[in-house]
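Hi there,

Here is the structure I promised to pass on to you. Have a look at it first, and then read my notes below.

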Amino acid sequence: MGRLITLATCSLNQWSMDFEGNLKRILESIRIAKEKGSKFRVGPELEVTGYGCQDHFLESDTYLHSWQVIEKILESDEAKDMVLDIGMPVMHKSVKYNCRIVISERKIVLIRPKIYLANDGNYREMRFFTPWTPRKVEDYYLPRMIAKITNQTTVPFGDCVISTLDTCIGCETCEELFTPASPHIFMGLDGVEIFTNSSGSHHELRKLNTRVELIKAATQKVGGIYLYANQQGCDGDRLYYDGSAMIVVNGDIVAQGTQFSLNDVEVITATIDIEDVRSYRARMVSRGIQAEGTPAYRREQVNMSLTHEDIDNNIHVRPSKTIPPFYHSPEEEIALGPACWLWDYLRRSKTAGYFLPLSGGIDSCATATIVASMCRLVVQAASAGNKQVIADAAYLAGDPSYIPTDPREFAGRIFYTCYMGSENSSYETRKRAKDLAQVIGSYHTDLNIDTVVTSIHGLFTLVTGKTPKFKVHGGTDVENLAIQNIQARLRMLLAYLFAQLLPWCRSIKGSLLVLGSANVDESLRGYLTKYDCSSADVNPIGAISKSDLKRFIAYAENKFEMPILHEFLTAVPTAELEPITEDYVQSDEADMGMTYDDLSLYGYLRKIKRCGPYSMFSKLVHHWGDDLKPTEVAAKVKRFFFFYSINRHKMTTITPSYHAEAYSPDDNRFDLRPFLYNASWKWQFECIDRSAMELERKESELQINSQVD
């Protein structure tokens with residue numbers, strides 16, 4: 001009958017420039033797709049090289065090695081009797097393109113370059129690639145090593161579609177789904193029944209539903225089958241690609257992969273009745289009218305069908321059923337995404353583990369809890385028989401026969417925590433840090449830094465003859481801040497010392513990666529010391545707000561059965577860098593002059609809503625209109641922008657952080673701003689002041705008039 005087709009898409013944990021590993025994972029995905037009865041497999045964007053190669057895409061070696069990988073795929077047994085859609089960069093007429101390579105029966109059927117490039121947020125594709133012109137097709141001269149295998153000299157290069165004996169396939173690449181005039185609309189009107197989308201799409205909190213709704217809408221309007229493939233994992237930088245491979249038919253999901261996983265290869269399949277697509281489309285007269293007037297795509301022929309007798313002749317094979325979309329809560333996303341990213345970073349860096357300065361506050365607590373989540377995921381994957389996870393854990397443990405079975409025991413091998421107290425530290429924070437380390441199972445040390453601080457103070461006094469004092473002891477603001485910064489920066493130096501030598505103390509080879517724990521709100525405000533413990537190797541919470549971290553800790557308290565976390569939730573956030581007196585205890589929000597909730601709102605408006613000072617005031621004067629006068633709103637906005645601008649330079653050296661929030665102030669590629677500002681914002685602030693005064697004048701007139709009436 002030729003109606004039922006099994007199709008496969010996948011999520012791969014590729015690694016930039018790891019051609020050998022990437023090839024291995026591609027071949028494994030093809031093998032699994034074949035085993036599941038599919039003749040068609042689609043993979044992620046730029047899967048041959050890894051998506052995040054950045055300026056390596058400017059190197060000719062990258063293109064040579066990509067073709068060498070294609071050579072291996074063409075020669076492989078896995079490629080037999082399959083139609084493959086594979087992503088890699090291609091240079092055509094000395095111009096670089098982000099391409100899909102469609103292979104069938106050891107021949108290259110089509111090279112389809114990306115038409116609409118991602119060039120905002122974290123993406124800079126136009127730095128590396130050139131967009132292709134819609135409907136344009138040229139001849140591409142194959143490298144000789146490929147021509148020898150395929151017996152082809154040239155192949156089509158351009159915006160074509162693929163016709164098999166039983167259906168028609170069209171390719172989209174990532175960003176093209178998000179554009180207003182997506183290619184699938186015109187391909188669908190021209191009779192394309194299967195759309196592929198190969199993506200390199202990263203995780204952000206609460207973002208997946210946007211992607212899912214776009215994928216569903218793609219075929220809800222035009223009908224058809226949509227195969228979405230994505231990378232999954234850390235491929236070498238701040239982003240975590242969050243998988244969620246998906247198959248959608250006529251707007252309904254029939255298969256969905258995991259968003260977070262330690263599996264390097266995940267293949268999902270669905271069996272579909274192709275007649276459902278034709279029936280769905282035929283019912284719409286208006287679609288037929290538009291389709292009749294749509295220019296035809298050039299079609300490249302593949303002399304095979306995607307259906308096969310094993311399916312058609314088996315009455316027990318049924319089309320895949322519709323399923324609802326699955327979403328994690330934001331708290332689950334924080335528990336899983338950064339944990340998976342940390343695991344990839346640790347195993348691929350070949351270091352001995354992680355070191356975390358554990359302060360007894362909620363930020364370092366959240367970082368430690370994410371590492372605990374990572375250990376839980378490793379044990380779960382090992383118990384499920386994940387060979388790669390078991391091999392990586394054994395390498396980290398220094399024991400080839402080791403298999404992790406207990407998260408606390410595994411944490412004791414690879415996670416080191418240290419409380420660096422001073423005379424300004426409280427008993428409560430020291431105890432919370434110790435208790436949390438015990439619950440997680442980390443190798444914990446506890447020390448006082450007073451002798452080191454005193455020696456630095458003594459050196460300064462010896463050289464200058466001056467002795468700086470804390471403000472509570474009669475010192476100036478300058479003295480007070482300098483003394484606090486000495487403590488903070490010494491903790492960074494000690495963190496790296498202990499990270500290098502603690503494994504040696506335990507007769508373990510290698511050194512540790514230092515974890516940072518500054519949240520996104522503090523980075524935005526600049527409430528951190530440059531080169532203090534915010535300076536580390538990586539930071540899993542650097543793009544997560546304090547509000548979200550609190551919700552995560554509340555979730556983890558129950559989910560991970562860690563009652564100690566409740567103590568962190570109820571504690572007042574404090575840096576503990578100043579002496580505690582009868583009438584003074586240092587508080588983060590008091591120091592900053594603004595609340596964490598306010599900071600989250602400022603960050604959202606500044607980055608996501610693209611507000612300068614005046615636009616931010618114009619929005620907040622209505623948002624806070626019931627509680628604050630316009631001049632009070634003006635004062636809050638001006639205070640934020642003053643501190644944001646004088647501290648912006650700190651973002652140029654900020655620790656690489658897991659990208660989780662769209663308002664991240666990370667200066668590297670994502671949030672591009674000056675770091676030397678005129679902090680007076682004279683023109684902008686005067687506009688705010690005039691507007692605030694005028695609004696209050698009008699409000700006063702309204703009140704007077706209402707009394708007269």
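**What I found**

In the protein chain, 74% of the contacts with a separation of 6 or more are between residues 24 or more positions apart. Please keep in mind while reading that this is a predicted model.

Let's begin with the whole chain. It has 25 helices and 20 strands. Its radius of gyration is 29 Å, and the globule rule gives 27 Å for 709 residues; the two values are close, so the protein chain is as compact as a globular protein of that length. If you turn the C-alpha trace along its principal axes, it spans about 90 × 80 × 50 Å.

How much of the chain counts as buried? The share is 58% of the 709 residues. The protein chain exposes about 29,800 Å², and 54% of that area comes from carbon and sulfur atoms.

Now for two places that are worth finding on your screen.

The first place to visit is a hairpin made by S4 and S5, with two residues between the strands. One residue to look for in the turn is Glu105, which has a positive phi of about 50 degrees. Strand S4 covers residues 95-104, and its pairing with S5 is antiparallel, over six bridges. To see how the strands line up, find Ile101: its bridge partner in S5 is Ile111. Is strand S5, residues 107-113, mostly covered or mostly open? Mostly covered: six of its seven residues are buried.

The other place is an open sheet of four strands, in the order S19-S18-S17-S20, with parallel pairing. At its edges are strand S19 (443-448) and strand S20 (512-514), each of which pairs on one side only. From one strand to the next, the twist averages 25 degrees.

Within this sheet, strand S17 (residues 353-357) runs parallel to S20, and three bridges join them. A handy pair to locate is Phe355 and its bridge partner in S20, Val514.

Which helices lie across S17? Helix H11 (residues 330-349) lies across S17 and S20, and runs at about 125 degrees to S17. Helix H12 (residues 362-383) lies across S17 and strand S18 (415-421), and its angle to S17 is about 160 degrees.

Enjoy exploring, and write back with any questions.

Best wishes

How values were computed:
Residues are numbered from 1 along each chain as its sequence is written. This is a predicted model: local features need pLDDT of at least 70, side-chain atom pairs count only at pLDDT 80 or more; totals for chains, interfaces and linings use all residues. Side-chain values use heavy atoms; hydrogens and water are left out. Buried means under 20% relative accessible area, exposed over 50%, partly exposed in between (1.4 Å probe, protein chains only). Two strands pair if DSSP finds at least two bridges between them. Axes are lines fitted to C-alpha atoms, for helices over the stretch in contact, and angles run from 0 to 180 degrees between N-to-C directions. Contact means heavy atoms within 4.5 Å. The radius of gyration is taken over C-alpha atoms; the globule rule is 2.2 Å times the number of residues to the power 0.38. Accessible areas come from the Shrake-Rupley method with a 1.4 Å probe; for residues, only the protein chains shown count as cover.
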